[in-house]
Amino acid sequence: MKDVMIVVGAGQISMAIARMGAGKKIILGDKNIENAKNIQKTMGDAGFDVEVIEMDLSSRQDILKMIDMAKNYGPIKMLVNGAGVSPSQAP
């Protein structure tokens, strides 16, 4: 078992912060699973251990599902909340 980092939001800022999770299991969640898979590939190619899950941060059920998934890999030690929309990305 490894220490686990939960990352919510599959954007560039989340990916940059998640790099602090070297050696940890990184669980990456996003509403858009394709975004999460793209970040997973980029980080995986760089040697990170990343699993993805489709989840909506506004859904309590999705949050609990993500936490349960993460606990299967080890103790949760870090949380990165990079979910959100910047004014330059959406109205």
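## Close-up views of a four-stranded sheet and its salt bridges

**View 1. Strands S1 and S4 side by side.** Strand S4 (residues 76-81) pairs with S1 in the parallel sense, and five bridges join the two. Two strands count as paired if DSSP finds at least two bridges between them; strands are DSSP runs (E, at least two residues) and helices are runs of H or I (at least four), both numbered from the N terminus. To find your place in this pairing, start at Ile 6, whose bridge partner in S4 is Leu 79. Before you zoom in further, please note that this is a predicted model, in which local features need pLDDT of at least 70 and side-chain atom pairs count only at pLDDT 80 or more, while totals for chains, interfaces and linings use all residues. Residues are numbered from 1 along each chain as its sequence is written, and side-chain values use heavy atoms, with hydrogens and water left out.

**View 2. Strand S1 and its buried side chains.** All five residues of strand S1 (residues 4-8) are buried, so the strand is largely enclosed by the rest of the structure. Here buried means under 20% relative accessible area, exposed means over 50%, and partly exposed lies in between (1.4 Å probe, protein chains only). In a regular strand the side chains alternate between the two faces of the sheet. In S1, Val 4, Ile 6 and Val 8 point one way, while Met 5 and Val 7 point the other way.

**View 3. From S1 to S2 by way of helix H1.** S1 also pairs with strand S2 (residues 25-30), again in the parallel sense and over five bridges. Between these two strands the chain passes through helix H1 (residues 12-18), making a right-handed β-α-β crossover. Right-handed means that, with the strands pointing away from the viewer, the path from the first strand over the helix to the second runs clockwise. Two bridge partners in S2 help you line up the strands: Ile 27 for Ile 6, and Ile 26 for Met 5.

**View 4. The whole sheet, edge to edge.** The four strands form an open sheet with parallel pairing, in the order S3-S2-S1-S4. S3 and S4 stand at the edges with a single partner strand each, so one side of each has no neighbour in the sheet. From one strand to the next, the twist averages 20° (axes are lines fitted to C-alpha atoms, and angles run from 0 to 180 degrees between N-to-C directions). On the S3 side, look for Val 52, a residue of that strand, which counts as buried at 17% relative accessibility. Its C-alpha atom is 4.7 Å from that of Leu 28, although Val 52 and Leu 28 are 24 residues apart along the chain.

**View 5. A network of salt bridges.** Lys 2, Lys 25, Asp 49 and Glu 51 are linked in a network of salt bridges; a salt bridge needs a side-chain nitrogen of Lys or Arg within 4 Å of a carboxyl oxygen of Asp or Glu. In one of these bridges, Lys 2 meets Asp 49, with 3.0 Å between the closest N and O atoms. Lys 2 lies in the segment before S1 and Asp 49 in strand S3 (residues 49-54), so this pair ties together parts that are 47 residues apart in sequence. Lys 2 is partly exposed at 35% relative accessibility, and Asp 49 is partly exposed at 24%. Glu 51 and Lys 25 form another bridge, at 3.2 Å from N to O. This pair joins strand S3, which holds Glu 51, to strand S2, which holds Lys 25, across 26 residues of sequence. Glu 51 is partly exposed at 27%, whereas Lys 25 is buried at 6%.

**View 6. A salt bridge within helix H2.** Asp 45 and Lys 41 meet in a salt bridge at 2.7 Å, N to O. Both residues belong to helix H2 (residues 33-45) and sit four residues apart, about one turn of the helix. Asp 45 is exposed at 58% relative accessibility, and Lys 41 is exposed at 52%. The count for the model comes to four salt bridges.

**View 7. A nonpolar patch on the surface.** Ile 13, Ile 17 and Met 20 make up a nonpolar surface patch, with about 310 Å² of accessible area together. Patches are built from residues with over 30% relative accessible area and no salt bridge, joining like charges within 9 Å and nonpolar side chains (Val, Leu, Ile, Met, Phe, Trp, Tyr) within 5 Å; areas come from the Shrake-Rupley method with a 1.4 Å probe, and for residues only the protein chains shown count as cover. Ile 13 is found in helix H1 and counts as exposed at 64% relative accessibility.
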